[in-house]
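Student: I have a new structure on screen and would like to learn how to read it. Can we go through it feature by feature?

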Amino acid sequence: MAIVKAKINGIDVEVASGATILEAAKKIGVHIPTLCHLNLEGFGIVNKVASCRACVVEVEGRMALAPSCAEKITEGMVVRTDSLRAITGRRMAIELLLSNHPQDCLVCPKNLECELQALSQEMGVREIKWIGEKMDYPIDKTTASLVKDPNKCIMCRRCETMCNEVQTVGVLSGINRGFDAVVGPAFNLDMEHTACTFCGQCVAVCPTGALTEINDVGKVWRALNDETKHVVVQVAPAIRVAIGELFGMEPGTVTTGQLASSLRRLGFDAIFDTDFAADLTIMEEASELVHRIEHGGKLPMLTSCCPAWVKFFEHQFPDMLDIPSSCKSPQIMMGSMVKTYYAKKMGLDPENVVMVSIMPCLAKKAEAARPELAKDDLNNVDLVLSTREYGAMLHEAGVQFDVLPEGDFDQLLGESTGAAVIFGTTGGVIEAAARTAYEWLTGEELEKVEFSQLRGLEGIRSASVMIKDFELNIGIAHGLGNARKLLEDIRDGKSHFHAIEIMACPGGCIGGGGQPYHHGDIEIIKKRQEAIYAEDRSKVRRKSHENEALKSLYSEFLGEPYGSTAHELLHTRYVAREKI
Amino acid sequence: MKNAKDRLVELNTELLDQEKLSVLEGYIEGLEDKAGSLIHVLHKAQGLFGYLPENLQLHVARKMDLPAAKVNGVVSFYSFFTQEPRGKHTISLCMGTACFVKGADKIFKTLKDQLGVENNKMTEDGLFTLKDIRCVGACGLAPVMLVDDKVYGHVKAEDIQRILQKYRDEEDSNGH
């Protein structure tokens, strides 16, 4: 590859031809602020619209300042990022954005997480110089998951890139033009009436408060303070490797024990682990897979743990609703067991049991509200908080998470195996299923439990697992655009897979839309993944069917896996939906 | 945001003129590069239907296998496309600097009053659509008004009724 030489701030730099000024500057330790720019290296996710002008620099011999995120280095180029003109230009770009931006930072849900706010500080903006017309749009709170406030949009188009190119959902687009331009669904529809999957990846990358989650913290506080309610909580696998970030802990710190202690401090009546329900999911899903293989059922079977993925295929592939597993997601299975098995065992009226979930995900909020998942008109899960919301709750209560002693989950629905914790990363559900399916199909003990061929962060992966003389072909996709490719292959009869795992978010739940903001740093997601596998290795039991509490649940209450009680309580159906 | 029920009516593609739709579908089928032809298809659709209502945009999105948001984004970006029905004649009033200084805003108000419509809307009889436009490059004639392609220079508020009447009379003499 050709090498190009240039000078930035008087420092010589050599880069491969095609590199941008921004990339070259980074190489020599020169920081240039960016706002609209997003490059999730490793996931192939790039937003390069150069619309915000926060990264402009001076290029010798040119009249206009150049956006360093998009401008490529050319031979002999002389760049100044630190000249008065460049600094003033960047500040002015921010000042202009602020002239049409609400100034309610103190009460904004993105306060202290907002990239516009951070840049405003970084560039020394001390007054809003220009007063002009301001956008005035209604705030969309029509869904259970998302809040869309176009008044805070800076038109960086990151959400559009995620929604269209990465997820191929196609709900968000730039509508109208000039000052009237707004990012939103077609025909000014509210989000509830679109094909939005609520994956929350738009929220994960929005630099401002234009896209945030519906906040349910107040409802959880009220439930905890209602003496007539028995409040049960569950936490998803991916929370324990991410929530520490909200308390200054290193990304990738495993905080399972602190998590249990923190829940105890807030006063939940029972503290359960979604990992238990993940083991339960494997019992059902592996049974379903074995059943489909042995009885000539529909193959490939697709996992159904991810509610954004479920909503995606309902809208985009309504003709293929018989392919995904009928298993409810672990969150809903837990809710179902709490409202039936647990309530009965404890002599509680399910009416008075409030099931709270803490999830890395915004689609889990909408999933909990799906009417077909309610039993006897009671939602399986009542309230869902994102990792961020739970962190906020702990901050409100003054719980110093990082120095908490380690505690334990309650045993009844709290025990879990290593197979369950890996649900939090791409490839984990199918690896967990393979561990169990292997032993069930062969009747032999699986000695090497780690299937390294299923691991990694490539968007689409495939691998074979030998189960004696049967070659089980497994596909894995994370990111809905990748999922779409596998689905199209199935529709075209080109798929050779027996089982496919799909997660909507890049990286799986560790990169979920409800997780602490990564602010474009992909290393954080990699560290969360490493932590997930470390947690698996630390477990004594690493196969779902070895979970002792789970065995009791089946013998006392459910009967056979994939049996009739299990069908009634742990399986669901899907609905064909409009694509708009 | 309108309520969901109204939205469903507006988005019902079955309410579209089926004859025109089949012409449009024939056009789409005949395209060599379907993926890159959205603007051509929208031109054709506007030619057939006169404008691009939401249900027509949705129909085009489905036929082209594109997100409706993308189609709506393109339609709302280009000023040639209209999402409102357009009258037989388009009255465009220049609101550029020179025309504005010469009192274009007063003329615009007169037009709105006499036509009984707001900007970018069609009159009840379907004869006119009123539009404000940017500088047409005829500042020496300010204020400038166009009816379709015909230019009216140095327009005064009291001229408006006479000009409109001319088009109404034409319409009547055509036997309508």
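Student: How many residues does the contact take from chain B and from chain A?
Tutor: One thing before that: this is a predicted model. The contact takes 13 residues from chain B. From chain A it takes 17 residues.

Student: Which helices of chain B supply the side that touches chain A?
Tutor: Look for helices that give at least two residues each. In chain B these are helix H1 (4–10), helix H4 (54–64) and helix H5 (68–77). H5(B) gives the largest share, with 7 residues.

Student: What kinds of residues make up the side of chain B that touches chain A?
Tutor: Sort them by character. There are 7 nonpolar, 3 polar and 3 charged residues on that side of chain B.

Student: Now chain A by itself. Into which domains is chain A divided?
Tutor: Chain A has domain 1 (3–99), domain 2 (135–213) and domain 3 (217–570). Take a pair of them. The centres of domain 2 of chain A and domain 3 of chain A are 27 Å apart, taken over C-alpha atoms. Their contact draws 18 residues from domain 2 of chain A and 22 residues from domain 3 of chain A.

Student: Which helices supply the side of domain 2 of chain A that touches domain 3 of chain A?
Tutor: Helix H4 (158–166) and helix H5 (201–205) of chain A each supply at least two residues there. The largest share is 3 residues, and it comes from H5(A). By character, this side of domain 2 of chain A splits into 9 nonpolar, 7 polar and 2 charged residues.

Student: Next, sheets. What is the order of the strands in the open sheet of chain A?
Tutor: Read across the sheet, not along the sequence. The order of the 5 strands in chain A is S2-S1-S7-S5-S6, and the pairing is mixed.

Student: Which strands of chain A stand at the edges?
Tutor: Check the number of partners. Strand S2 (11–16) and strand S6 (66–67) of chain A each have a single partner strand, so one side of each has no neighbour in the sheet.

Student: In what sense do strand S5 and S6 of chain A pair?
Tutor: Strand S5 (residues 56–59) of chain A pairs with S6(A) in the antiparallel sense, over 2 bridges. For a landmark, find Val57(A), which stands opposite Ala66(A) in S6(A).

Student: Which strands does helix H2 of chain A lie across?
Tutor: Helix H2 (residues 84–99) of chain A lies across S5 and strand S7 (77–80) of chain A. H2 of chain A runs at about 150° to S5(A).

Student: How do I read the faces of a helix? Which residues of helix H17 of chain A are buried?
Tutor: Look down the helix axis. In helix H17 (residues 548–558) of chain A, the buried residues are Leu550(A), Leu553(A) and Leu558(A). They fall within an arc of 50°, so they line one face of H17(A). The face turned away from the buried side carries the exposed residues Glu548(A), Lys551(A), Ser555(A) and Glu556(A).

Student: What do the buried residues of H17(A) pack against?
Tutor: They pack against helix H8 (274–294), helix H10 (330–346) and helix H18 (564–570) of chain A. After H17(A) comes Gly559(A), with a positive phi near 80°.

Student: Where is Ala343(A) found?
Tutor: Ala343(A) is in helix H10 of chain A. Count its neighbours: 19 other C-beta atoms lie within 10 Å, so Ala343(A) is partly exposed.

Definitions and conventions: Residues are numbered from 1 along each chain as its sequence is written. Chains are lettered from A and ligands numbered from 1 in the order in which they are written. This is a predicted model: local features need pLDDT of at least 70, side-chain atom pairs count only at pLDDT 80 or more; totals for chains, interfaces and linings use all residues. Domain bounds come from an automatic or database domain assignment. Two residues are in contact if their C-beta atoms, placed from the backbone, lie within 7 Å. Helices (H or I, at least four residues) and strands (E, at least two) are DSSP runs, numbered from the N terminus. Ala, Val, Leu, Ile, Met, Phe, Trp, Tyr, Cys and Pro count as nonpolar, Asp, Glu, Lys and Arg as charged, and the others, Gly among them, as polar. Two strands pair if DSSP finds at least two bridges between them. Axes are lines fitted to C-alpha atoms, for helices over the stretch in contact, and angles run from 0 to 180 degrees between N-to-C directions. A residue is buried if 20 or more other C-beta atoms lie within 10 Å of its own, exposed if 12 or fewer, and partly exposed in between; C-beta atoms are placed from the backbone. The arc is that of the directions from the helix axis to the C-beta atoms.
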